[in-house]
Amino acid sequence: QSAVTDAMIKACKVKDYPKSLLTYCQTTAVNYYTQIASMYGLTYKEYLDKLGYTEESFLKALDSNIKTMATEELAFQLIEKAENITADKDGFDKWLNDYCTNNNTTVENIKKNYSDEDLEGYYKKDKVMDLLVKNATVEETKETESSSAAATTKASK
């Protein structure tokens with residue numbers, strides 16, 4: 001899945017990112033690093049200080065990652081639209097129950113932390129990923145002393 005996602009992102013050319021999407025991706029990244037900081041008993045700012053960053057310089061350093069996240073999100077949205085992928089009730093309910101079982105939690109606990117819209121978005125992303133993986137071509141390549149798998153996706157439309 002990682003190789004397929006990387007190939008999808010590499011194939012995308014984004015002319016302009018919606019400001020709201022960049023803000024969302026930036027907020028997601030800050031939340032991630034805030035959680036890491038708390039695991040060390042630090043605030044986000046204290047964590048950045050230990051890494052040698054100001055908040056501004058850290059966000060600047062993350063700019064490429066934020067744009068990659070945004071590119072991925074845009075690609076998933078385009079594929080959802082092109083393939084008419086929706087969050088059908090039966091499929092969504094099964095996916096959510098399977099997710100809860102696999103992660104040792106309950107639907108009630110998940111719904112405390114995520115909106116129905118967020119959960120439906122995750123479900124549709126999983127459906128897109130399933131489609132991409134199903135249509136991926138995997139080739140083994142040799143690199144110096146190890147091998148790795150490279151995946152390319154076929155355009156489905």
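In the predicted model, the charges of the protein comprise 20 positive and 26 negative ones, and the mean positions of these two sets lie 4 Å apart. The accessible surface amounts to about 11300 Å². Carbon and sulfur atoms account for 49% of this surface. Of the 157 residues in the protein, 25% are buried.

With regard to overall architecture, the protein contains eight helices and two strands. Their order along the sequence is α-α-α-α-α-α-α-α-β-β, with the strands following the helices. Along the principal axes, the C-alpha atoms occupy a box of roughly 50 × 45 × 35 Å. When contacts between residues at least 6 apart in sequence are considered, 62% of them connect residues at least 24 apart.

The interior was examined next. The largest nonpolar core consists of 13 residues, and the most contacts inside this core are made by Leu-21, Cys-25, Tyr-47, Leu-48, Phe-58 and Leu-62. At least two residues of the core are contributed by each of three helices, namely α2 (19–39), α3 (44–51) and α5 (63–82). Among the contributors, α2 provides the most, with five residues. A second core, separate from the largest one, is formed by twelve residues, including Ile-9, Ile-79, Ile-85 and Ala-136.

Contacts of a single member of the largest core were also considered. Leu-62, one of the residues with the most contacts inside that core, touches Ala-29 and Tyr-33 when residues up to four places away in sequence are left out of the count.

Notes: Residues numbered from 1 in each chain as written. Predicted model: local features only at pLDDT ≥ 70, side-chain atom pairs only at ≥ 80, totals over all residues. Heavy atoms only, no water. Core = buried A, V, L, I, M, F, W, Y, C linked by side-chain atoms within 4.5 Å. Buried < 20%, exposed > 50% of the residue type's maximum accessible area, 1.4 Å probe, protein only. Helix = DSSP H or I, 4+ residues; strand = E, 2+ residues; numbered from the N terminus. Contact = heavy atoms within 4.5 Å. Areas by Shrake-Rupley, 256 points an atom, 1.4 Å probe, with all protein chains shown as cover. Lys, Arg positive; Asp, Glu negative; His and termini not counted. Charge placed at Lys NZ, Arg CZ, Asp CG, Glu CD.
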